[in-house]
Amino acid sequence: MNLCDQYEAKLVAVSKTKPFSAIQELYETGHLDFGENKAQELRDKQPECPKDIRWHMIGHLQRNKVKYITPYVSMIHSVDSMRLLRKINNEAEKDERIIPCLLQMHIAEESSKFGLDEQEVREILENPETGQMKHIQICGLMGMATLTEYENQIRKEFKGLKNLFDRLKEDYFSEVPSFREISMGMSGDYQIALEEGSTIIRVGSLIFGERETH
Ligand SMILES: *Cc1c(COP(=O)(O)O)cnc(C)c1O
């Protein structure tokens, strides 16, 4: 899979609803980064999959399900509250791990999508408790654009996320090289996302085919 060609971005293959055989096929080409959006589904799939797969949790995560994934998850893209971040830190401590996390921003017009606004993300970053969490590492931001035909709208939302990333980097992470990821772009809009500075694209249907509704 080479959707990123001239860009340095990483591709996360979103395997939600897809069986082990589909994952295996891509894994055998050397691909290691896979994404799932449900904690239970990931918990059920992970044991039967190769252990060197890097699992990305990309969907809304309930606090009572965090423990299903902290023993092995490689990055959580969907952190959208202080309470969730605290829970991840606590579970990761039990697992003796440090889990890379992205803060999910609300950038779309639809009100149904999860995510923080700028004020909320700043509150998390300025909270002294955040700095004391030893078992999470905040590595950047994630966002999902509006589902629309209008490329300008999508581009504007991705540009907004990149600008916010740059401002937060300057204000809180100027000395922290690990704050460097912007997870944006899916099957329908990954090219725009790459042009606007995405470092991780999350692509499902374009790789695995359309999903059954689920
Ligand atoms: C399903 C999903 C994707 C991938 O969607 P496609 O349109 O199939 O590429 C990306 N990000 C999140 C958060 C998802 O839930």
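A polar contact, as I use the term today, is a pair of N or O atoms within 3.5 Å. The model on the screen is a predicted one, so please keep that in mind throughout.

I start with the ligand. With that cut-off, Ser205 makes a polar contact through its backbone: an N or O atom there lies 2.8 Å from an oxygen atom of the ligand. Gly204 also comes in with a backbone N or O atom, 2.8 Å from a ligand oxygen. Arg211 uses its side chain instead, and a polar atom of that side chain lies 2.8 Å from an oxygen atom of the ligand. On its own the ligand has 390 Å² of accessible area, and the protein covers 91% of that.

Which residues surround the ligand? Going along the chain, they are Val14, Lys16, Asn37, Ile58, Met144, Met186, Ser187, Arg202, Val203, Gly204, Ser205 and Arg211. By type, this shell has five nonpolar residues, four polar and three charged.

Next, helix H1, which runs over residues 20-27. Its buried residues are Ala22, Ile23, Leu26 and Tyr27. Looking down the axis of H1, these buried residues fall within an arc of 135 degrees, so they line one face of the helix. What lies over them? The cover for the buried residues of H1 includes three strands, S1 (10-14), S2 (33-36) and S3 (54-57), and two helices, H2 (39-45) and H8 (205-208).

That brings me to the segment after H8, where Glu210 is found. Is Glu210 buried or exposed? Its relative accessible area is 69%, and since exposed means over 50%, Glu210 counts as exposed. Setting aside neighbours within four places in sequence, Glu210 is in contact with Lys18 and Ser205. Ser205 is the residue I mentioned with a backbone atom 2.8 Å from a ligand oxygen. Glu210 and Tyr190 are 20 residues apart in sequence, and their C-alpha atoms are 16 Å apart in space.

For a second glutamate, take Glu91, which sits in helix H3, residues 82-94. Here the relative accessible area is 7%, and because buried means under 20%, Glu91 counts as buried. What does Glu91 touch, not counting residues up to four places away in sequence? The answer is Val66, Lys67 and Thr70.

To recap the two glutamates: Glu210 is exposed, whereas Glu91 is buried. As for the ligand, the protein covers 91% of its 390 Å², with Gly204, Ser205 and Arg211 each placing an atom 2.8 Å from a ligand oxygen.

Conventions
Residues numbered from 1 in each chain as written. Predicted model: local features only at pLDDT ≥ 70, side-chain atom pairs only at ≥ 80, totals over all residues. Heavy atoms only, no water. Buried < 20%, exposed > 50% of the residue type's maximum accessible area, 1.4 Å probe, protein only. Helix = DSSP H or I, 4+ residues; strand = E, 2+ residues; numbered from the N terminus. Arc of directions from axis to C-beta. Contact = heavy atoms within 4.5 Å. Near = heavy atom within 4 Å. Polar contact = N/O pair within 3.5 Å; in protein donor to acceptor, adjacent residues only side chain to side chain. Areas by Shrake-Rupley, 256 points an atom, 1.4 Å probe, with all protein chains shown as cover. Nonpolar A, V, L, I, M, F, W, Y, C, P; charged D, E, K, R; others polar.
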